[in-house]
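The exercises below are to be worked with the sequence and the coordinates side by side. Each task is followed by a solution that proceeds in steps.

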Amino acid sequence: MTEYSNIETTSGNRGLSFEEPLIFELDSQDSSAVDLDPPSHDMDRLGGLRRRLPVGLPGLSEPEVVRHYTRLSQKNYSIDSGFYPLGSCTMKHNPRLNEKMARLPGLGDIHPFQPESTVQGAYKLMDTLATWLKELTGLPAVALSPAAGAHGELCGIMAIRAAHQAAGNDDRKVVLVPESAHGTNPATAAICGYSVESIPGNGNGRVDVDALTTRLGPDVAAVMITNPNTCGLFENEAKAIADAVHAAGAYFYMDGANFNAIVGRVTLSELGVDAMHINLHKTFSTPHGGGGPGAGPTVLSEALAPFAPLPFLVHDANGLRMVEHSGDKDAPQSFGRMKGYHGQFGVFVRALAYMMSLGIDGLRQASGDAVLNANYLRVRLSEELTPSYDGICMHEALFDDRFLKDTGVSTLDFAKSMIDEGFHPPTMYFPLVVHGALLMEPTETESKATLDQYCETVLALARKAKSGGMAEEFASSPQLTPRRRLDETQAARKPILRWKPEPLKHAAE
Amino acid sequence: MRYLPLTEPDRGAMLSTIGVDSVDALFAELPKGEPTFDLPNTQSEINVERAMHAFARENLSCSDVPSFLGAGNYRHHTPASLDHLIQRGEFLTAYTPYQPEISQGTLQTIYEFQSQVALMMDMEVANASMYDGATACAEAAAMACRVTKRSHVLMSGAVHPHYRDVTQTQLKHLGLEIECLAPDPIGVEDLIGRVGGDLACVVVQNPGFFGHLTDLTALAEACHAEGVLLVACVAEPVSLGLVTPPGAMGADIVVGEGQSLAGPASFGGPGVGLFATQEKFLRQMPGRLCGETVDADGRRGFVLTLSTREQHIRREKATSNICTNSGLIALAFTIHMTLLGEAGFAQLAEVNHANAVTLATRLNNIDGVTVVPQAFFNEFAVTLPRPAVEVVEDLAANSILGGVPVSRFYPQYEELANMMLVTATEMTNESDMEALVTGLGEALS
C-alpha cells in the first residue's frame, strides 16, 4: 500500500484527487462568470468617492469557477459521504427537504422590513417553531434570535443578569461552571461581567453536588451545567442541583448542546432549568455548513421571560406583531437586541420542516436510537478500548487513552489513523477531565451496518496499536488524504492569513 | 420514519449486545414518569411540503412585486451556479474544519474568503466570519477597547440602528460607555470635534444608514492623532465595487454584512459578518482564522490557526465567545465574488449606482418628495409629505414594496416619521421604477 501512495504524477493530480490552486493563481482572463446589461448612463453621484484602484480580484468564467469549487469540495469529509462520530457536535443526516423548503420564494425571498401585513406567514412559521420548542422543553418562553449556541448562552446569562439587576441583586458576581464544560460557557460568563469559578467532578463523570452546594452563596449569580454532560452522562442530580441553586438565590442555566439525547423524554421544567439554548444545527438537523450558520433559540423560565431580548412576536388584534423596541409596551424589561433583524429565519424553516417530519413520536424514537447507538459503540468498543466511566451512557460514549498505555501511540495518532480507514475521528482531548479523551457521538441516523464496520475497524486499530512497535506508523497517519499532517506550529508562528499580490508580499517580508 | 435507519430487529440485536431489554431502560437515570407533549406525530414529506407552502403563501415575496427595500439587507441576483455549489454535500454537511487533512476544501475556501474580504476593504487581514454585521460591529467596538485600553465608544448617527443596539447590548456588562449620537440623515454631525484622548473608537458607516457617502480621511487622521481607532461598517458590500473602501480612507477595523453578496434576504438571516483589520491588531481579533502552512510532505495546506485567542483554548480570557460562525454563507459570498471577478464586481456596482441615480432623479420630481443625500450608492432616504409608514402600506396594497420607513427603527423621533429608505439594484428595471413613481404619485395625491 505504501508503494502506491508514493507514486509521483506529472500533473500532481492523483486520479480523482486533484491539486487545486487558489483562485488568485488561476489564469485570469479578465473575464467574468456574471453577465449584466451595461448601466443605462454614467452620471455619478458618488461625491468624489469613486474607487481609484482595482480590488485585485481574478476574472474567471463560469466553468472555471464551478470546477474550482467542485474540486475543493471533494477535499472535504462530510456527513453525506461518511460516518462522523464527532462527540458534542451531533453530526446527523441533513434532510434535503429542509433545503428545498428554505428556498421557496415565499420563505427565502422575503425582506425583514416588509410591512408586517405582508409577512404574516413568516411570523406564523416562527410562532409555530416557538410552540414546538416551548412544548418540548416545558418552559413558557423562547427567544428565537440568538445565532448559534454560544450566542444562546449569552442570551441566557444576559437574561439572568437583567433579572438580578431588576431584583436589586447585582452584587452577585460569580458564575459556577463544571470543569468539564465547553469553553464557550466561561467565555460567555466573562462577557456578562462575571468571574468564573470551576466546580470539580465527583469521580463518576458528574458534577460534585456537595462541592457545588458548598460554594453556593450570596455572590453566585448562576450555575451553568451541560446536561447530558460532556462525558455523555445524564446529571442525575440535576433537580437537586437546581433546588439548591434556587434556594441560594441564583439561576440554573443548562447548556443544551446535548439536547438530542433527551428530546421527548424529559422536560426542563422537571429539571428546574431557568434557561437553555437549543442548537437547531445539532438537535434539529440543519446543516453545519463547514462552520455555520447555526441558530441558538433560548428557552426561558417564567422568572426570566420578562427580560427576553428583542425582537419577539406577540399576538394582537391584527395577527402577529414583532416587538422591536425597548419602548414598546410589551417589552418594558427586555435586556435589548443581540442580533440584526429577526434571527436566523432560514435555519428556523429547516428546523421546523425536520420537527414536523419526525413528529413527537419520531423525535422520541430519534433520541432513543441516538442513545442506543452510543451504547452499542460503548459496549462493542470496550472489548479493546477503555471507557472512562462504567454503565449506561447517553448519546455519546467517552473513552480515554489507558488502552494505549505503553504502546507509544497517542490519542491524536490513534484518531488520525481512523481517517485512512474512511472515518471521521471522534472529538479528541475533550472533555478535559479524562486523559487523552476520545468522545464518540454516532447520532440516530446511522445504520447498524455502519456502526459494525466502524467498531470492527476501531477494534482492529486498537489491537494493532497494542501489538507493539507500531508508534511510528500511527504517527505518520493519515497517508491517503489530500494532505497529510499539517504543521500547525508554523501556521501560528508565521501567520499567513491571506493571498497577497507578489510585490506586496515582498514589501511585507 | 424516513430519517431513522435502525430496524426493529437491529434494535433487538443491539439491546441484547448492550444487555438491557428495552430502549427505555437506557433512560433509567432520567426523572420517573413520562412527560406528555401536545405535538403532532410524524408526517410524510408531501404533507410537510404542503404545510410549509401554506406559510409561504401568506407572505408577499419580493420576487413577485417591484421591491425597493434595503436598510442593511439587499436583494441582488444570485447566479444559478452559486446555489448549486453551496448545496454540494461536501460543503453543506461538513463540520467546522478541525481535522485539516480531510477539510482542505472548507479551509481553502475560508482562506480565499479572508483574502477577498481584505482586498475589498483594503485591509491587511480578515477573519473567517462573524454571525452578522451587527454582531461584527459589537465585536469591533470591544476589540478597539482592548487595543486602546480605553472604555468610551462613540457611535455615529449614520450607523445602522441594529448595529448600534446590538453593540450597546453586547458590551453593556464590560464597564464600557457606548455613546450613540442622534440619527444623522444628512451627514452633519461633528465627529471630528468629538475626537479626544478619552475615546477608544469612533464607529461610522459608509454608505451611511440613510444612504449618504462620506469621505472618512479627515476623521481617520483626527482619530489617529489622539490614539483613537476608526471602526467603519459596510452594510452593503456591493458598494465596494465602486466606492473607495474604508481601509483606503484610514479605517483601523472594518466590519460589514455580507448577505447582499451571499444570497437571498431570507427574512434577514442567516447573514455573514465581515471583519477586517490591520496585522498589528491580529492577537486581539475575535473569531476563527485560517492560515497557510505545509504538510508532512512539504506541500502547501491550510489550517485553523492562532486559536489561543479563542474560547475553546482560552475560556474566560478569550477575545470572544464565538464558536460556530457563518461558514456556509461566507462560502456563498466567496463563490459569488469569484464568479463576478474584478470586471463583474465593478459592473455590478456601476449598474446599481446608475439605477439608483435614475430612480432618485425621478422620485425627486414628484411633488412633495425630496431625496435627502447628495452623494449615495444604491440607497437613499427620501422625505414625504406624510408618514412613511402609511405610504408604505398604501404601496403594499398596490403590490409594491416601496421602501422602509425610518420610523420602524426610530419611532421616538417625530422628525423622521416622514422619511423612507429606497434602494435600487441591478434587479430594478424600468417597469419597476415606473410602478414606484406612479404608485407614489397616487399615494401622495
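Helices (H or I, at least four residues) and strands (E, at least two) are taken here as DSSP runs, numbered from the N terminus. The model is a predicted one.

**Exercise 1. Describe the fold of chain B, from its secondary structure to its overall dimensions.**

Step 1. Counting the runs in chain B gives 13 helices and 13 strands.

Step 2. The radius of gyration of chain B is 25 Å, close to the 22 Å that the globule rule gives for 445 residues, so chain B is as compact as a globular protein of that length.

Step 3. Along the principal axes, the C-alpha atoms of chain B fill a box of roughly 80 × 55 × 45 Å.

Step 4. Of its 445 residues, 62% count as buried, and among the contacts in chain B with a separation of 6 or more, 73% are made by residues 24 or more positions apart.

**Exercise 2. Establish which domains are assigned to chain A, and characterise the contact between them.**

Step 1. The assignment gives domain 1 (98–353) and domain 2 (367–492) of chain A.

Step 2. Taken over C-alpha atoms, the centres of domain 1 and domain 2 of chain A are separated by 32 Å.

Step 3. The contact between them involves 18 residues of domain 1 and 16 residues of domain 2 of chain A, and the domain 1 side comprises seven nonpolar, nine polar and two charged residues.

**Exercise 3. Is helix H6 of chain A largely enclosed or open, and how does its span relate to the expected one?**

Step 1. H6(A) covers residues 149–166, and its 18 residues reach 26 Å from the first C-alpha to the last, close to the 26 Å expected at 1.5 Å a residue.

Step 2. A residue is buried if 20 or more other C-beta atoms lie within 10 Å of its own. Since 16 of the 18 residues of H6(A) are buried, the helix is largely enclosed by the rest of the structure.

Step 3. Just after H6(A), Gly168(A) adopts a positive phi of about 75°.

**Exercise 4. Analyse the contact between chain A and chain B, and identify which helix supplies the largest share of the chain A side.**

Step 1. Chain A contributes 172 residues to the contact, and chain B contributes 161 residues.

Step 2. Several helices of chain A each supply at least two residues of this side, including H2 (62–73), H5 (120–137), H6 and H15 (488–493).

Step 3. The largest share of the chain A side, 21 residues, comes from H11(A).

Step 4. By class, the chain A side divides into 82 nonpolar, 59 polar and 31 charged residues.

**Exercise 5. Examine the largest nonpolar core, and then the surroundings of Val231(B) and Val177(A).**

Step 1. The largest nonpolar core has 310 residues, and those with the most contacts inside it include Ala159(A), Cys201(B), Val231(B) and Met420(B).

Step 2. H11(A) provides the largest share of this core, 21 residues, while domain 1 and domain 2 of chain A each give it at least three residues.

Step 3. Leaving aside neighbours within four places in sequence, Val231(B) is in contact with residues including Ala141(B), Cys201(B), Val203(B), Asp252(B) and Val255(B).

Step 4. Val177(A) lies in strand S2 (residues 174–178) of chain A, and with 27 C-beta neighbours inside 10 Å it counts as buried.

Step 5. Not counting residues up to four places away in sequence, Val177(A) touches, among others, Asn185(A), Pro186(A), Ile199(A) and Met224(A). The C-alpha atoms of Val177(A) and Tyr253(A), which are 76 residues apart along the chain, are separated by 9.9 Å.

Conventions. Residues are numbered from 1 along each chain as its sequence is written. Chains are lettered from A and ligands numbered from 1 in the order in which they are written. This is a predicted model: local features need pLDDT of at least 70, side-chain atom pairs count only at pLDDT 80 or more; totals for chains, interfaces and linings use all residues. Domain bounds come from an automatic or database domain assignment. Two residues are in contact if their C-beta atoms, placed from the backbone, lie within 7 Å. Ala, Val, Leu, Ile, Met, Phe, Trp, Tyr, Cys and Pro count as nonpolar, Asp, Glu, Lys and Arg as charged, and the others, Gly among them, as polar. The radius of gyration is taken over C-alpha atoms; the globule rule is 2.2 Å times the number of residues to the power 0.38. A residue is buried if 20 or more other C-beta atoms lie within 10 Å of its own, exposed if 12 or fewer, and partly exposed in between; C-beta atoms are placed from the backbone. The expected span of a helix is 1.5 Å times one less than its number of residues. A nonpolar core is a set of buried Ala, Val, Leu, Ile, Met, Phe, Trp, Tyr and Cys residues joined through C-beta atoms within 7 Å.
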